[in-house]
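Could you open the model in your viewer and keep the selection tool handy? We will take a short walk through it, one stop at a time.

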Amino acid sequence: MMNDISKTDPEIYDAIKKEGVRIRNGLELIPSENYVSKAVLQALGNFFNCKYSEGYPKRRYYGGNQFVDEVETLAIERAKKAFKVPHANVQPYSGSPANFAVYVATCSLGDTIMGHNLPDGGHLTHGWKASVTGQFFKSVMYHVKADGYLDLEEIRQLAENHKPKLIWVGATAYVREFPFEELGKIADDAGAYLAADIAHISGLVIAGVHKSPVPRAHIITTTTHKTLRGPRGGIIMVTQKGLDKDPDLADKIDRAVFPGLQGGPHDNQTAGIAVALGEAMKPEFKEYAEQIVKNSKALAKSLMNNGIKLVTDGTDNHMLLVDLTPFGKGNGIFVQEALEMANITVNKNTIPAEPSSPFYPSGIRLGTPAITTTGMKEKEMEKIGKWISDIIKEVKEFKLPDGKEERAIYLKKFKEFIIKNKKIESIKKEVIDLCKGFPLYPDLDILK
Ligand SMILES: *Cc1c(COP(=O)(O)O)cnc(C)c1O
């Protein structure tokens, strides 16, 4: 039983090693990803994985939980301290289940809710039609203006007209600071709960690099694996404002998570969350979060200097949205695949007033949390911006055909083009060279 995975399961072991080589030799620019510390990996990979502990600290349905209680209590206390809130629940399995619990705690089936439209950068769980949150509730979607900023006038009007029970603020592709004051006022005027989903920016919020929603929102949700740099997971917090609106809100949230939606918490994940929160309150993390934003702005500058258009012409946070419409519509797929060929990982993304579709969008989304973790700074961002710009221009002649079958054939031809492309190949070599100076996990045995 105690044999090493390299002996018991060589296939999986091999895949893990290959993933290690991939991440070491590439630039991870997906803004929702990050590389956690060895301490977080150690907290995740141990026998806390094996425990059952339904319930909450000191109120469990299973025995043997004295040390789980220690871990969960530490995680809760650290979350409260880091975000400066009176209540935290650290059990949600991930960001989406955390958001579902907010609905269960605050709404009844069929109630009206409001959220940020998905093609405008919002998250599925904020009421999008493909998510149950858009099917079990009457969801009213708000948008960004053509300039990429939230349309506060529209949000105010919709809230007045529809009187939603719950309003979400927060997004998965939004590059500017969230206007929490304005949203707080709109929610108060409508009598709605304001839930701030800070999944992407929670690390920036702890570090004081993005303003905090605490004074304005009733409820705050976050993932723990994005800028917060912890294990995959979710946290739900209730603010003093939330408790003032509804003194039972904290209990309602806890009951919504368990027994409402989940069974046993993932105690190893809780241990990892506690470690990540501990790290996030250290001075080094503040420096890290500041560097994420400096890098994001430096990358934006480099791209724009090289003739690339960005949504809102820049960024306030860790994320950038490239508007590819000057080169055609629906072409995010070409740029994503060409960059991947050069070991630069990004995702295609819709842009405001998307002229194509979510599957074939006209933008790409970039982020700096992971490459900042490796130690890269402004000087590297300048190079990376130039490489991305060069590759965008290299594939700018490709135009997405309309027919489904034509598309498949065209994409295959495109693949052949990028495999043989000399420019992309030479950038890939430079990327690998750059990464050698910023090695990931140098002391992890599996990567030796
Ligand atoms: C990532 C994200 C989530 C969901 O997180 P999962 O852990 O993938 O379920 C929720 N809301 C926002 C705004 C996100 O960016």
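Before the first stop, one term: two strands count as paired if DSSP finds at least two bridges between them. Keep in mind, too, that this is a predicted model.

**Stop 1: strand 9.** Select residues 219-223, which form strand 9. How many of its residues are buried? Five of the five are, so strand 9 is mostly covered, with buried meaning under 20% relative accessible area. Now show the side chains: Ile219, Thr221 and Thr223 point one way, while Ile220 and Thr222 point the other way.

**Stop 2: the neighbours.** Add residues 234-238, strand 10, which runs antiparallel to strand 9 and is joined to it by five bridges. Here Val238 stands opposite Ile219. Next add residues 193-197, strand 8, which pairs with strand 9 in the parallel sense over three bridges. On that side, Ile219 is the bridge partner of Ala195.

**Stop 3: the largest pocket.** Select Val36, Leu41, Leu44, Tyr441 and Leu444, which lie nearest the centre of this pocket among its 29 lining residues. Helix 2 (10-24) and helix 3 (38-44) each give two or more residues to the lining. The space here is about 970 Å³. Colour by domain: domain 1 (43-280) and domain 2 (291-447) each supply at least three lining residues.

**Stop 4: the second largest pocket.** Select Arg229, Tyr288, Thr372, Thr373 and Thr374, the residues nearest its centre. Which element gives the largest share of the lining? Helix 12 does, with seven residues. By class, the lining has nine nonpolar, six polar and ten charged residues.

Conventions: Residues are numbered from 1 along each chain as its sequence is written. This is a predicted model: local features need pLDDT of at least 70, side-chain atom pairs count only at pLDDT 80 or more; totals for chains, interfaces and linings use all residues. Side-chain values use heavy atoms; hydrogens and water are left out. Buried means under 20% relative accessible area, exposed over 50%, partly exposed in between (1.4 Å probe, protein chains only). Helices (H or I, at least four residues) and strands (E, at least two) are DSSP runs, numbered from the N terminus. On a 1 Å grid over the protein atoms alone, a cavity is a set of points where a 1.4 Å probe fits but cannot get out, and a pocket is an open set with protein on both sides within 12 Å along at least five of seven lines; lining residues have an atom within 4 Å of a point. Grid points are joined across faces, edges and corners, and a volume is the space filled by probe spheres set on the points. Domain bounds come from an automatic or database domain assignment. Ala, Val, Leu, Ile, Met, Phe, Trp, Tyr, Cys and Pro count as nonpolar, Asp, Glu, Lys and Arg as charged, and the others, Gly among them, as polar.
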